[in-house]
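Student: Hi! I have a new structure to look through and could use some company. Can we go over it together?

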Amino acid sequence: MNFILNERSLHGQFESVEDFLKSLSANLKCFGLVRQQAEGKIRKLADFYKCQVTSDIMLGELKQYPRTDELLRMRIAFDKEMKTEPYWDLAPVHNYGIQYWMNGEDVSATALAEAAAREEGLLSFDSKIYKDQKLTIQQNETKHEVISVYHPRYLVECFEKQMGLGRNICLKARYDGTRLDCSVLEESYGADILEKEEYRQLLGTLDKFVRHDSWETIDLDDGLEYKKYTPASEEEDWFRGGEYGDLTIMKFRFSGKMRCFGYRKGERFRLLRIERDHKKSNKG
């Protein structure tokens, strides 16, 4: 699936370059997810570097800004996106002679109109106007719904099926920035082993897990049954001899039989394995 980089979402809203750089983590993760598709393009304006970062600094002017590791990482990632085709304004699909409107403002000849015409999503920067929401673009009597994405979790929430990404990748993005860390979920015991309905149950439970106010309320949730994994013997220890063998493994349920296993690190729970048949959980 293809996306369009929204130049309208860089309108000088950042108080400083530092604030802009701090906001970029979510954008770069979204770029990475799009690039993980078998085929996925990010369209942009040919002169995207003219967009305003602050009220007096354009994106292209950051080259003269004092160099930091953060700025260097940003420039490498942005150069990869900015200096590669496709540029939608060199061969636009929407007719510049037809007006497109959003909230009473003419947005013709912008990424918004092009996304409406192409029926593609927008990748936007941290802006109240465009941050993780559905936009209504009016073209004559036709209303177009355009999804504007800032966070990676919103990207997979809206486009997981169309993008064809693996479930483990989507879990990592969906729970980015929450108390749940899916980055170390083992492929052999990951979400791809689940049937469609089982996966739906998993998502419902993980959503519930991250919505809890505290670890204390998680402990008290009878539905989760969050507790320590305690195998009866070393031979029955599912994690014996592995990378996580010396850690305190916890588990919780997401159906009558199915369980999630992992461990707590600080304020985050690192999800390691999913079990479908309860055989390991029965022994611990």
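Student: Let's start with the cysteines. Is Cys170 buried or exposed?

Tutor: Cys170 is buried, with a relative accessible area of 1%. Buried means under 20%, exposed over 50% and partly exposed in between, using a 1.4 Å probe and protein chains only. Before we go on, this is a predicted model, where local features need pLDDT of at least 70, side-chain atom pairs count only at pLDDT 80 or more, and totals for chains, interfaces and linings use all residues. Residues are numbered from 1 along each chain as its sequence is written, and side-chain values use heavy atoms, with hydrogens and water left out.

Student: Why no bond for Cys170?

Tutor: Its closest cysteine sulfur, in Cys182, is 11 Å away, which is too far for a bond. A disulfide is a pair of cysteine sulfur atoms within 2.5 Å.

Student: And what about Cys51?

Tutor: Cys51 is buried too, with a relative accessible area of 10%. The closest cysteine sulfur to that of Cys51 belongs to Cys30, at 17 Å, again too far for a bond.

Student: How many disulfides are there, then?

Tutor: The structure holds zero disulfides.

Student: OK, new topic. How are the strands of the open sheet ordered?

Tutor: Five strands run in the order E8-E12-E11-E10-E9, with mixed pairing. E8 and E9 (227-228) stand at the edges with a single partner strand each, so one side of each has no neighbour in the sheet. Strands here are DSSP runs of E with at least two residues, helices are runs of H or I with at least four, and both are numbered from the N terminus.

Student: In which sense do E8 and E12 pair?

Tutor: E8 and E12 (residues 268-275) are parallel, over two bridges. To pair, two strands need at least two bridges found by DSSP. Asp181 stands opposite Arg270 in E12.

Student: Last one: which residues line the second largest pocket?

Tutor: Glu160, Lys161, Arg167, Lys196, Tyr199, Arg200 and Leu203 line that pocket. On a 1 Å grid over the protein atoms alone, a pocket is an open set of points where a 1.4 Å probe fits, with protein on both sides within 12 Å along at least five of seven lines, and lining residues have an atom within 4 Å of a point.

Student: Which helix gives the largest share of that lining?

Tutor: H6 does, with four residues. H4 (152-163) and H6 (196-211) are the elements that give two or more residues to the lining of the second largest pocket.
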